[in-house]
Amino acid sequence: MSPITGKALVAGVVGAPVRHSLSPVLHNAWIEAARLDAVYAPFAPPPERFAAFVDGLRGGAIAGLNVTLPFKEQALALADEASSPAAKAAAANVLVFRADGTVFADNTDGAGLLAAFAAQAPGFDPAAGPVVILGAGGAARGAAAAFADAGAPEVRIVNRTLSRAQAITEALGSRVGALGLDRAATAFDGAGAIVNATSAGLADGQVLDFPLEAAPKACVVMDMVYKPLRTPFLARAEALGLATVDGLEMLIRQAVPSFEAFFGQAPPAEVDVRALALAAIGAQA
Ligand code: NDP
């Protein structure tokens, strides 16, 4: 490991809780391989003091932060300037602290999602057909914006609470439509991709039973959840012969532009961060 000196660049991830975040594993592996004088640390401020935490970093103490639950929306609100993807997603997963004390918000989740499709479903063309997003939280909104920007002719948001899906439609425009859970089979008809962006089952062991058999054989199915790596949703898609993309690939791909924003260079390609992340979550490749 390269020595960390007094000149070291510092970046990190902020969340509550943050202890399960894989970001320190990814970024510190890249830092080590690139022999950078840098460190990437986890931060878990009390949620009610998040604004004070961010303000305290305006002094230039650190280069930037990745932001995870539950702070992504608040991070955007606290920033002085935001990228177009962050504004469209209404959430930031990256904060960059500039030398003049201002804070720039970005969102690399959408780019990470598209890069994960490119890596694991190389034949997939976002412009080729309708894309279905399951869920209407922050991750769903960012995914809908990314697919709309990538040329999807139609984005169908399917959510338990219809009004939340409709709010995304209103924000993102006419190519984005909203449906309730009972219309999932209709939404899957003719779909080029289906993305699970719900948090169902994360805490309560509940598994959502979507009618994936209504999807065309060429449809690509993606799950943002990556613990376990092969979620019941992805296993079901595979059993139906559909191509799949996993949430870990999205997590890794969103980290690439984050690393560039913090450390001013691309992460070294030779490190197998996927293997490191799989080991950290105790999963099989
Ligand atoms: P939110 O809490 O903002 O949204 C959760 C969504 O899930 C809502 O639409 C909610 O519906 C729906 N939902 C929750 N429980 C159920 C249920 N039992 N039945 C039906 N719908 C349900 O979460 P986020 O948008 O921030 O994150 C969503 C998921 O994406 C999480 O699992 C997160 O870990 C993952 N994620 C993964 C990333 C990656 O890099 N792989 C990046 C970002 C997120 P309702 O509106 O009706 O409450």
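Start by selecting V132 and R156: R156, in β8, is the bridge partner of V132. This is a predicted model, in which local features need pLDDT of at least 70 and side-chain atom pairs count only at pLDDT 80 or more, while totals for chains, interfaces and linings use all residues. Residues are numbered from 1 along each chain as its sequence is written, and side-chain values use heavy atoms, with hydrogens and water left out.

**Stop 1: the sheet around β7 and β8**

Now widen the selection to residues 131–134 and 155–159. These are strands β7 and β8, and they pair in the parallel sense over four bridges. (Strands are DSSP runs of E with at least two residues, helices are runs of H or I with at least four, and both are numbered from the N terminus; two strands pair if DSSP finds at least two bridges between them.) In general, strands of a sheet pair through backbone hydrogen bonds, either parallel or antiparallel.

Zoom out a little, and you have an open sheet of six strands with parallel pairing, ordered β9-β8-β7-β10-β11-β12. Which strands stand at the edges? Select 176–180 for β9 and 243–246 for β12: each has a single partner strand, so one side of each is left without a neighbour in the sheet. On average, neighbouring strands here are turned by 20° against each other, direction ignored. (Axes are lines fitted to C-alpha atoms, for helices over the stretch in contact, and angles run from 0 to 180 degrees between N-to-C directions.)

Next, pick residues 109–120. That's helix α5, which lies across β10 (193–196), β11 and β12 and runs at about 135° to β12.

**Stop 2: the other sheet**

Time to move over to the second sheet. It is open too, with six strands in the order β2-β1-β3-β5-β6-β4 and mixed pairing. At its edges you'll find β2 (38–43) and β4 (81–82); each has a single partner strand, so one side of each lacks a neighbour in the sheet.

Select 64–67 and 94–97 to see β3 and β5, an antiparallel pair with three bridges. Look for L65 here: its bridge partner in β5 is L95. Then show helix α1 (residues 23–33), which packs on the sheet and touches β1 (9–14), β2 and β3, its direction making about 175° with that of β2. (Contact means heavy atoms within 4.5 Å.) Helix α10 (residues 247–263) packs on the sheet as well, touching β1, β2, β3 and β5, with its direction at about 160° to that of β3.

Keep β5 on screen and add β6: four bridges join the two, which run antiparallel. V96 stands opposite F104 in β6. β5 and β6 form a hairpin with five residues between them, and in the turn G101 has a positive phi of about 90°. On to β4, which pairs with β6 (residues 103–106) in the parallel sense over two bridges; A82 has A105 as its bridge partner in β6.

**Stop 3: the ligand**

Click on the ligand and show what surrounds it. How many residues are there in its surroundings? There are 24, and the closest are A136, A139, N159, T161 and R164. (A residue counts as near if one of its heavy atoms lies within 4 Å.)

Three polar contacts are worth a look; the term covers a pair of N or O atoms within 3.5 Å. A polar side-chain atom of T161 is 2.5 Å from a ligand oxygen atom. For R164, an N or O atom in the side chain lies 2.8 Å from an oxygen atom of the ligand. At G138, a polar backbone atom is 3.2 Å from a ligand oxygen atom. The ligand taken alone exposes 930 Å², and the protein buries 82% of that. (These accessible areas come from the Shrake-Rupley method with a 1.4 Å probe.)

Colour the shell by element next: α6 (138–149) and α10 are the ones giving two or more residues. The largest share, three residues, comes from α10.

**Stop 4: backbone oddities**

Finish in the loops. Select L69 and P70: the peptide bond between them is cis, with omega near 0°, and P70 sits in the loop between β3 and α3 (72–78). Another cis peptide bond joins K227 and P228, with omega about 5°; P228 is in the loop between β11 (220–223) and α9 (232–239). Last comes R35, which is not a glycine but has a positive phi of about 55°. Find R35 in the loop between α1 and β2.

Methods:
A polar contact is a pair of N or O atoms within 3.5 Å; within protein, one must be able to donate a hydrogen and the other to accept it, and residues adjacent in sequence count only if both atoms are side-chain atoms.
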